[in-house]
Amino acid sequence: MNGLEQVKTALAGALKNAGIAAHTAYSPGWAKSYHEPVVAIGLRTGESRGGAMGSYMGQRVNPDTLDCQEVYGMRLELVLSLDIYCPPGEGAGRCDYVLEALHQVMLNGLPSGLRPIELKWEETVWDGDTSMFLRRGSLACGAFFVAETSEEQLELADFILKGVLTK
């Protein structure tokens, strides 16, 4: 999974843990299937900072194997779209409730590799394409990734969003 997809998936997971329905990708008409408020997570803008071998961070010893691992880092600067859709039966005011819950997630519920910088939003409007109320929002954030190598492995493993457990 690439870095951007890791960020969107981690953010969707944090929202779902807070009881907010979230969808990481959408196409025209997708929101019509929701009967509750939902947040659509996408990308507005992004920029990669530092990559692979140029972002050497040092070494650490794996306590289980005593192998020496080189650690590399990468940073993405992103502005993610966090568009809140609310069904007509919920009313436009329900977008405010979801926005407040988003604020709480930004303060307390993100993985350590995601650093929120700024959350912006617009007024709630009627979206004729989805037949739902819509409050467009965006989250400016930094996303920090780490990758490791070992003595046996000369190539970098995939960069993993810091603070997110992998299988």
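The points below go through the core, one central strand and two single residues of a predicted model.

1. The largest nonpolar core. This core has 32 residues, and the members that touch the most others are Leu82 and Met106. Two or more residues each come from helix or strand elements α1 (3-17), β2 (38-49), β4 (68-86), α2 (93-108), β5 (114-121) and β8. In soluble globular proteins, nonpolar side chains tend to be buried together.

2. Met106. Leaving aside residues up to four places away in sequence, Met106 is in contact with Leu11, Leu82, Pro116, Leu119 and Leu139. Leu82, one of these contacts, shares with Met106 the highest number of other core members touched.

3. A second core. Another core, of six residues, lies apart from the largest one; Ala21, Val38, Ala40 and Tyr85 are among its members.

4. Strand β4. Of the 19 residues of β4, 15 are buried, so the strand is largely enclosed by the rest of the structure. Strand β4 is also one of the elements that give two or more residues to the largest core.

5. Pairing of β4 with β3. Strand β3 (residues 56-61) runs antiparallel to β4, and five bridges join the two. Tyr56 has Tyr72 in β4 as its bridge partner. Six residues lie between the strands of this hairpin, and Leu66 there has a positive phi near 65°.

6. Pairing of β4 with β7. Strand β7 (residues 132-135) is also antiparallel to β4, with three bridges between them. Leu134 in β7 stands opposite Tyr85, and Tyr85 is also among the residues of the six-residue core.

7. Ser138. This residue belongs to strand β8 (residues 137-150). Ser138 counts as buried because its relative accessible area is 14%, and the cut-off for buried is under 20%. Beyond residues up to four places away in sequence, Ser138 touches Arg44, Val79, Leu80, Ser81, Leu82, Glu118, Leu119 and Lys120. Leu82 and Leu119, both in that list, are also touched by Met106.

8. Ile117. Is Ile117 buried or exposed? Ile117 counts as exposed because its relative accessibility is 66%, and exposed means over 50%. Ile117 lies in strand β5, an element that gives two or more residues to the largest core. Not counting residues up to four places away in sequence, Ile117 touches Ala140, Cys141 and Gly142. Eleven residues separate Ile117 from Met106 in sequence, and their C-alpha atoms are 9.4 Å apart.

Note on methods. Residues numbered from 1 in each chain as written. Predicted model: local features only at pLDDT ≥ 70, side-chain atom pairs only at ≥ 80, totals over all residues. Heavy atoms only, no water. Helix = DSSP H or I, 4+ residues; strand = E, 2+ residues; numbered from the N terminus. Buried < 20%, exposed > 50% of the residue type's maximum accessible area, 1.4 Å probe, protein only. Contact = heavy atoms within 4.5 Å. Core = buried A, V, L, I, M, F, W, Y, C linked by side-chain atoms within 4.5 Å. Pairing = 2+ DSSP bridges.
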